[in-house]
Amino acid sequence: MIKETLAIQQERDLVYCRNRVKEIAAKIGMGIVNQTKLITATSEIARNMLTYGGGGIVKIEVVTRGKMEGVQLIFEDKGPGIPDIPKAMQDGFTTGRTLGMGLPGAKRLVNEFAIQSLVGKGTTVKILKWKNG
């Protein structure tokens with residue numbers, strides 16, 4: 001069983017995180033298309049966590065439900081939080097100089113997506129990608 005926690009405090013941590021997620025996804029036999037979707041979602045959320053949340057941690061775990069196996073990631077930061085989650089989940093909404101596709105795009109790439117945020121306390125994003133999903 002794979003379960004580990006990575007710190008995201010600087011740009012190079014993003015690269016290590018993406019590589020580690022790729023290794024774990026490949027280890028459970030996830031196909032290249034699903035690996036790419038998971039790594040892209042990981043990159044978007046981790047970058048948001050670094051840019052807007054001041055960094056945080058990513059918990060990576062291989063999970064099973066019945067015969068299904070996948071990779072679950074939980075991104076946690078102690079940043080300023082997101083005051084309006086529905087607005088943040090709209091395509092094109094941004095508070096930076098981006099396209100505003102990060103969170104909604106990441107949601108479309110994975111099988112399960114959940115976000116919780118408290119203003120002044122931080123944000124937690126949980127995603128799951130099934131090996132064959």
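**View 1. The largest nonpolar core of the predicted model comprises 33 residues.** Within this core, the residues with the most contacts are Val-71, Leu-73, Phe-75, Phe-113 and Ile-127. Two or more core residues are given by each of the following elements: strand E1 (3-8), helix H1 (11-27), helix H2, strand E2 (56-65), strand E3 (68-77), helix H4, strand E4 and strand E5 (122-130). Helix H2 supplies the largest share, namely seven residues. In soluble globular proteins, nonpolar side chains tend to be buried together.

**View 2. Surroundings of Phe-75, one of the core residues with the most contacts.** When neighbours within four places in sequence are set aside, Phe-75 is in contact with Thr-42, Ile-45, Ala-46, Met-49, Ile-57 and Val-58. Its contacts also include Thr-123, Thr-124, Val-125 and Ile-127.

**View 3. Thr-42, a residue of helix H2.** Thr-42 counts as buried because its relative accessibility is 0%, and the cut-off for buried is under 20%. The side chain of Thr-42 reaches the backbone oxygen of Leu-38 at 2.8 Å. Apart from residues up to four places away in sequence, Thr-42 touches Cys-17, Val-21, Leu-73, Phe-75 and Ile-127. Among these partners, Leu-73, Phe-75 and Ile-127 are listed with the residues that have the most contacts inside the core.

**View 4. Packing of helix H4 (residues 102-109).** The buried residues of helix H4 are Gly-102, Leu-103, Pro-104, Gly-105 and Ala-106. These buried residues pack against helix H2 (32-53), helix H3 (85-88) and strand E4 (112-118). Helix H4, helix H2 and strand E4 are also among the elements that give two or more residues to the largest nonpolar core.

Notes: Residues are numbered from 1 along each chain as its sequence is written. This is a predicted model: local features need pLDDT of at least 70, side-chain atom pairs count only at pLDDT 80 or more; totals for chains, interfaces and linings use all residues. Side-chain values use heavy atoms; hydrogens and water are left out. Buried means under 20% relative accessible area, exposed over 50%, partly exposed in between (1.4 Å probe, protein chains only). Helices (H or I, at least four residues) and strands (E, at least two) are DSSP runs, numbered from the N terminus. Contact means heavy atoms within 4.5 Å. A nonpolar core is a set of buried Ala, Val, Leu, Ile, Met, Phe, Trp, Tyr and Cys residues joined through side-chain atoms within 4.5 Å. A polar contact is a pair of N or O atoms within 3.5 Å; within protein, one must be able to donate a hydrogen and the other to accept it, and residues adjacent in sequence count only if both atoms are side-chain atoms.
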